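Work through the following exercises with the sequence and the model side by side. Each task is followed by a solution that goes step by step.

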Amino acid sequence: MAPPAPGALPLLLLLHLTASSKLNTPKVLLPFTRGSRVNFTLEASEGCYRWSSTRPEVASIEPLGPAGCLCSQRALVQARSSQPTRLTTIISAEDTLTGEVLRCDAIVDLIHGIQVVSTTRELYLEDSPLELKIHALDSEGNTFSTLAGLVFDWTVVKDPEADGFSDSHNTLRILKFLESTYIPPSYILEMEKVDKQGDTILVSGIKTGSSKLKARLQESIYKNVQPAEVRLLILENIFLNPTYDIYLLVGTSIQYRVEKLSQGKITEIAMPSEQYELQLQNNILHPKGDPSLPVAKLDQATSTVTALQQGQTNLILVHKSIRMQGVSRLPSSTVCVVAPAYLGFTVHPGDRWVLETGRLYEITVDVYDKSSNKVYLSDNIRITTELSGEHFEVLQSSLNGSYHYVMAVKAGQTTIDAALTSVVDQDGGVHTFPVPVRNQQDVEIYVPILLVPSILMFPWQPKAGVYQYTIQAQGGSGSFSWSSSNQAVATVTVKGVLSTGSDAGVSIIQVFDVRNPLLYGEMKVYVSEPSAMEFTSCQVEAHVGQVLELPLRISGRTSVDRGELVPLSDCSQLELGVELENPGVFSPLEGRLKPTADFCSGVRLKAEFQGYTRLVVVYTHGHVRLSASIAIAAYLPLRAIDPPSVALVTLGSSKDMLFEGGPRPWVQEPSKFFRNVSAEDAESIASSLLELPTPGNSNQHWVRVLCRSLGEQVITLTVGNSPTVTSPFPVVEAAAVKLICALPSRLALIPVYGSPQLALSCPLLQQSKQLVPVSNYHNPVLDLAAYDQQGRKFDNFSSLSIVWESTNKAIARIETELPMELTLKEEGNGQKKMQGLQTVVVDREFGTAAISATATGFQQPHLKAARAVLPGPATVELMLVEDVKVSPTGLSIYNHPDIQAELLIQQGSGYFFINTSVPNIVRVTHEETRGIALVQPLLPGSVTVMIQDLCLAFPAPAEAEIHVSDIQELYVRVVGKVEIGKTVKAYVRVLDDSKKHFLTKYFPVMDLSLKAASHLSIYFLFGSCLNQQAECCWLMKETSFLQCDD
């Protein structure tokens, strides 16, 4: 087919527009009036039109639209005819865009009759009002399009036909739309405002009866038009209860009630009544039914219908008055008698068999026929229902077993079993069903859904999603759906992950169990600016090296107008400033504490040095500035110094134990500081805290423990502070040591050897020799110690009584004026052990003497009677010798590697330590077998060789001054003249840098030679040393001048 010509396109468009544009009516019939104007609105479906009337004097047309607009979609037709006769005009509407013309005929005619139309002619008391409307007809019976604007007179008049009702004109009242909840046409509201009535009104019943309503036109031209009348019947609002169709089993019954609605309340009408009567009508029997019996019977006294056989019948409420039976329609109900087919179960609330513990439920067992109609369960049927006593607590059950009011008490899965077994007649006879109708219902019970936590508070951040929190949903079936009431404040995912939004405010997060929406939990999420900040109650003390965690609680308000303060759940993204008054005590660490249920963030600090300081945390954001401060302390760990672990004392002796470190007195309340000593057996010891040797040094703690009975136990020192407002969780540290109270198994006695300055010991200590050399010039000191069976040395044995004896008092004796001195000596691990130092008096005699120490008992009177096995005496045999001597005490040595000088060591113990005052001048070698010390020069200089006797106590070592030197000067002594051919002696001396002569034994290594200083011939015959001091001579002939070369 050929394409359309270009000129045909506008035609097609015009046809399309013509087909789609329509007016709301093709003809308008308007009433003729003189006192008022009746209007009708014409409206096109689309487009903009210019309106016109062929006879404006009959009906005018006015566009409805904005002022100054040349076209409109709507227009107002108004009757303007002045002649009481039928006249017609044509209304045209031309589309300004397409030129399309729409037409409507407007007819103006006289009203020849009016009538009232309504949806019903019966009104019920306390019911909604009835709308009445007037329709007007012309002489040909045509209905006028509108009566808008015409004034009518509506009146309630006496109904002469209502003989059965008194005061019938007072049973009805006319309502204004302004007084109701209904919306009338706009012109009616305008007329009611000026107390006029239009063609539409509302009426309501006041009391039962019949009433007549009359409507008349007010226009004088229509004074001959007959008024319109309508008769309305006002009835009580009566209904049967139950109102629905009833299904009964054979032998069961139901009692009906007749009720009415009065003043918004339902009241029951006592039956039998003087006005009403119940009747059974229209029996329809089952195909296998007995024609001689009705389907059901009615007991008028109780309004009870009893089913006799299967079938159907109607229960009808009728007026006893014959007149009222014809004018009213009273309620009725259908009664069907059926056979049971199956059982059904319902639960309320929820209607789902996913239940919640702790909640009350109504469980109903329903009976259905084969068409799934629910059977009314009368009290005389019997249903056996088995409910798990473990999962349900039955609070109430109906007589027929169909209803149970229960509480779910335990979570789990269970089954409800039910069976319809029988029907009990009025005489008590039980009619059992040949086959009981049975069914089961599976039930799932869960604990209530709980959202943890119940409230969340986050600081406001302009960016969404800064904070996230996984909400824990506990209970329920585990299948949940999540929702947020305010997505701008917080959103939540299907997995319960909450994210903050960009707005501040509150959002309610709800989680519903998918399997039963009645099982739900909810919580509130607040997003607010931080309003308060404080440190939570926490530990504020830490030992040096430990990390101290200080949690922060920052709170926001639930509303901007000073709402309740709620702690923030997470504030880890807030920028916090940390300031320390004394930075040396603690050092801040990177990172913040992870939020918990008690705090939203916190700072971490490391204790560096003992002391106190104040920590200040500051938060600043815009106009908000918050700060919190807290006092914190660092201390050294509490540890046992003396003893480190075990202390050993004799019965009746004590141990002064030293502990260091531990918490210091709290700076804000020092009176809360305490130190406690405890023991496993407090009766076997006596303990006390000693005053500090150094006042103000709270780092040391001295504890004195006295042994009262033999045994072992742990002594514990506890140091700390009692709780205070500023330190609610103070640190309490404890250190424990073992105290052993025992008897010594042996005593040990040794001289005090060595030089404390050299930190050397006498070799005799390792050799355990019984014959020990001591100086007969100085009173030796013996060291007494006590040991137990394991070889452990006693810390204190002062309770023992020690008796000293000597076998040779002539050379060594114990004098009472010099008793044993008990002192404490520190061991290598810091523990102090007791030693008994006894001085032995000597008289510079030579010989041997045995000194013994014997423990004879205890010094305390209450211990002397103790039967204890004490160790035997400790004995040491002393050999008195002179102090060590060295010779020579001074020596000058020529500096040459082949030179060796000998120092003779005499007397002493034979165990020596040789050292020099200056290193690297000489090398000293001790030859013990020869009793000498060989000195070999290394460098020029002076040095003191010191010989320490390791096994004798003397005030100073034996010393020899050694001077090492090169040749400083040479001297030649000879006669001035000599005869030729004769010989004379030439003497040579060699001096060191101190102008001292070298010994002649060093000359061979000096390579000395004698030469003539002139050209004369000199003959050196031989040379020889005259003595050991420092002089040698040569024989020579013919000399004039001599020089000696080295």
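**Exercise 1. Find how many aromatic pairs the structure holds, and classify the pair of Phe 998 and Tyr 1002**.

Solution. Rings of Phe, Tyr and Trp (its six-membered ring) pair if their centres lie within 6.5 Å, and planes under 30 degrees apart count as stacked, over 60 as edge-to-face and the rest as tilted. By this rule the structure holds eight aromatic pairs. For Phe 998 and Tyr 1002 the ring centres are 6.5 Å apart and the planes stand at 80°, so the pair is edge-to-face. The next step is accessibility, where buried means under 20% relative accessible area, exposed over 50% and partly exposed in between (1.4 Å probe, protein chains only). Phe 998 is buried at 0%, and Tyr 1002 is likewise buried, with 2% relative accessibility. Elsewhere, ring pairs link Phe 458, Tyr 467 and Tyr 469 into a cluster.

Before going further, note that this is a predicted model, in which local features need pLDDT of at least 70 and side-chain atom pairs count only at pLDDT 80 or more, while totals for chains, interfaces and linings use all residues. Residues are numbered from 1 along each chain as its sequence is written, and side-chain values use heavy atoms, with hydrogens and water left out.

**Exercise 2. Which tyrosine ring does the charged end of Arg 746 sit over, and which one does Arg 973 lie over?**

Solution. A charge sits over a ring if NZ of Lys or CZ of Arg is within 6 Å of the ring centre and within 35 degrees of the ring normal. The charged end of Arg 746 is placed over the ring of Tyr 787, 4.2 Å from its centre. Arg 973 lies over the face of Tyr 987, at 4.3 Å from the ring centre.

**Exercise 3. Locate the three disulfides, and give the handedness of each**.

Solution. A disulfide is a covalent bond between the sulfur atoms of two cysteines; here, a pair of cysteine sulfur atoms within 2.5 Å is counted as one. Strands, which help to place the cysteines, are DSSP runs (E, at least two residues), numbered from the N terminus.

- Step one: Cys 48 is joined to Cys 71, with an S to S distance of 1.9 Å, and the torsion about the S-S bond is about 100°, so this disulfide is right-handed. Because Cys 48 lies in the loop between strand S2 (39-43) and strand S3 (49-53), and Cys 71 in the loop between strand S4 (59-64) and strand S5 (74-79), the pair ties together parts that are 23 residues apart in sequence. Cys 48 is partly exposed at 22% relative accessibility, whereas Cys 71 is buried at 15%.
- Step two: the sulfur atoms of Cys 571 and Cys 600 are 2.0 Å apart, and with 75° about the S-S bond their link is right-handed. Cys 571 is buried at 0%, and Cys 600 is buried at 0% too.
- Step three: Cys 707 is joined to Cys 741, S to S 1.5 Å, and with -80° about the S-S bond this link is left-handed. It connects distant parts of the chain, since Cys 707 is in strand S58 (residues 700-707) and Cys 741 in strand S60 (residues 732-742), 34 residues apart.

**Exercise 4. How far is the nearest cysteine sulfur from Cys 104, which is in no disulfide?**

Solution. The nearest cysteine sulfur to Cys 104 is that of Cys 48, 18 Å away. Cys 104 is buried, at 1% relative accessibility.

**Exercise 5. Which residues have the most contacts inside the largest nonpolar core, and which strand gives the most to this core?**

Solution. A nonpolar core is a set of buried Ala, Val, Leu, Ile, Met, Phe, Trp, Tyr and Cys residues joined through side-chain atoms within 4.5 Å. The largest such core has 84 residues, and Leu 550 and Leu 615 have the most contacts inside it. Strand S52 (residues 624-635) gives the most to this core, with eight residues. Taking contact as heavy atoms within 4.5 Å, and not counting residues up to four places away in sequence, Leu 615 touches several residues, including Phe 535, Leu 550, Val 578 and Ile 630.

**Exercise 6. What is the mean pLDDT of the chain?**

Solution. pLDDT is the predictor's confidence in each residue, from 0 to 100. The mean for the chain is 86, and 90% of its residues reach 70 or more. Over residues 1026-1030 the pLDDT is below 50. Where pLDDT is low, the predicted coordinates should not be read in detail.

Technical notes:
Helices (H or I, at least four residues) and strands (E, at least two) are DSSP runs, numbered from the N terminus.
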